[in-house]
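Reader: I would like to learn how to read the features of a structure one at a time. Could we begin with the aromatic side chains and then move on to the rest?

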Amino acid sequence: MKQQLKAQAAELSNMTARTDVTENQVEALKRDNEAQAAELTNTRAELTNTRAELTNMRAELSNTTARTDVTENQVEALKRDNEAQAAELTNTRAELTNTRAELTNMRAELSNTTARTDVTENQVEALKRDNEAQAAELTNTRAELTNTRAELTNMRAELSNTTARTDVTENQVEALKRDNEAQAAELSNMAARTDVTENQVEALKRDNEAQAAELTNTRAELINMAEELSNMTARTDVTENQVEALKRDNEVKQVAFSTSLLASGSGTIGPFNTYTPLVFRYVVTNIGNAYNPNTGLFIAPVRGAYHFEIYIGAHGHASHPSSVVLVKNGEHIFIAYAHQPSHYGSSANGATLLLEVGDVVFLRLRGNSRVYDNENHHSTFSGNLLFTM
């Protein structure tokens, strides 16, 4: 009896020590949860500020985009004006080219007319010299006038014809002079029109230079605006990266885990005289890292509805069933139980629980029970966040 009492006292001492360790772990987890809650609050405040700054930057980017659109419209209008002026300048140049060609033709025609006039004057001079020679010859032949009247009559007739031809030539010369005067007046008008056209061309050149300078300034302004927009885009990218980092830090809403009892090999755990926490060490999935494979505890990172599933089994035994309990914060929720004297027996159960941040869920092996597992992973413990609350 005394030995039994000593054994019970030793077992009670062990249970007390284990309870103290568990309570210390719970206190440590509570402190960690409080620190995480404070950090989450600060992170949410920083995220709110970042979102406000991002909204302001988007508004500023929208204004910059609107200004850029206005500037681009102005540049397009200037381009259209320059194209119209370039077309007008092209037409003016073509007209000037035609005018110059016409002036060249008129100069050539004037040169031909001058040459013809020179020929005519030379002919008149020659006729004058002929008349002088004839007059001299007439003087010399006056003594022979009586004898040569018949010849003189012929000569008079010839002289009359020559005089008529001279009159015609003089009339032609007068007509040519009038034509030359008209051509000179027209040439003067064309020169004046050419001067006006050249002045217009110079004015257009000055306008184009001014417009080119203005366009250069506009391009420089656009380049500066593009650089400013690029800087704003870079800042926006940095902010978005920060927001993405914050999102990744706050991805506690994505929680799921799936485990089996033994990390390797095969074996049976139990039986024990009392309830014993089970540690499922083989981790298949642990999204969010809410399950600890070293302690067997699942700690809720966010308030919400969670679903848990249990699958257990063991080889049959007359005195020892296969039985585990789903525990929430020390409270027994559901049980999975199977008992048969021989062959392999299994059982399953599941529950959906509303958990607060920091709530602890784990499995306990019931007293006098056993659980078996091997490389085929018969005994498993899984859970996932369905939705936040």
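Author: Let us start there, bearing in mind throughout that this is a predicted model. Phe257, Phe280, Tyr291, Phe298, Tyr306, Phe308 and Phe381 form one aromatic cluster, and a search of the whole structure finds 11 aromatic pairs.

Reader: How should I read a single pair, and what is the geometry between Tyr291 and Phe381?

Author: In general, one looks at the distance between the ring centres and at the angle between the ring planes, an angle over 60 degrees being counted as edge-to-face. Tyr291 and Phe381 are edge-to-face in this sense, with 6.4 Å from centre to centre and 80° between the planes. Because Tyr291 lies in strand 5 (residues 291-292) and Phe381 in strand 13, this pair ties together parts that are 90 residues apart in sequence. Both Tyr291 and Phe381 are buried.

Reader: And how are the rings of Phe298 and Phe308 arranged?

Author: Their centres lie 5.4 Å apart and their planes stand at 75°, so Phe298 and Phe308 are also read as an edge-to-face pair. Phe298 belongs to strand 6 and Phe308 to strand 7, so the parts tied together here are 10 residues apart in sequence. Phe298 and Phe308 are both buried.

Reader: Turning to charged side chains, how many salt bridges does a search of the whole structure find?

Author: The idea is to look for a side-chain nitrogen of Lys or Arg within 4 Å of a carboxyl oxygen of Asp or Glu, and the search of the whole structure finds 1 salt bridge. Glu356 forms a salt bridge with Arg303, and their closest N and O atoms are 2.8 Å apart. The pair links distant parts of the chain, 53 residues apart: Glu356 sits in the loop between strand 10 (344-355) and strand 11 (360-365), while Arg303 sits in the loop between strand 6 (297-299) and strand 7 (304-315).

Reader: Why does Glu356 count as partly exposed?

Author: Partly exposed is the class between under 20% and over 50% relative accessible area, so Glu356, at 34% relative accessibility, falls into it. Arg303, with a relative accessible area of 31%, is partly exposed as well.

Reader: Which residues make the nonpolar surface patch?

Author: Here one asks which nonpolar side chains are accessible and lie within 5 Å of one another. Leu354, Leu386, Phe387 and Met389 make such a patch, of about 400 Å². Leu386, one of these residues, lies in strand 13 (residues 380-388) and counts as partly exposed because its relative accessibility is 44%.

Reader: What should I look for in the backbone itself?

Author: Two things to look for are the omega angle of a peptide bond and the sign of phi. A cis peptide bond joins Gly270 and Pro271, with omega at about 5°, and Pro271 lies in the loop between strand 2 (267-269) and strand 3 (276-278).

Reader: Where does Asn329 lie, and what is its phi?

Author: Asn329 is in the loop between strand 8 (322-328) and strand 9 (331-338), and its phi is near 50°, a positive value in a residue other than glycine. With a relative accessible area of 46%, Asn329 is partly exposed. His343, which is not a glycine either, has a positive phi of about 65° and is found in the loop between strand 9 and strand 10. At 65% relative accessibility, His343 counts as exposed.

Conventions:
Residues are numbered from 1 along each chain as its sequence is written. This is a predicted model: local features need pLDDT of at least 70, side-chain atom pairs count only at pLDDT 80 or more; totals for chains, interfaces and linings use all residues. Side-chain values use heavy atoms; hydrogens and water are left out. Patches are made of residues with over 30% relative accessible area and no salt bridge: like charges are joined within 9 Å, nonpolar side chains (Val, Leu, Ile, Met, Phe, Trp, Tyr) within 5 Å. Accessible areas come from the Shrake-Rupley method with a 1.4 Å probe; for residues, only the protein chains shown count as cover. Helices (H or I, at least four residues) and strands (E, at least two) are DSSP runs, numbered from the N terminus. Buried means under 20% relative accessible area, exposed over 50%, partly exposed in between (1.4 Å probe, protein chains only). Rings of Phe, Tyr and Trp (its six-membered ring) pair if their centres lie within 6.5 Å; planes under 30 degrees apart count as stacked, over 60 as edge-to-face and the rest as tilted.
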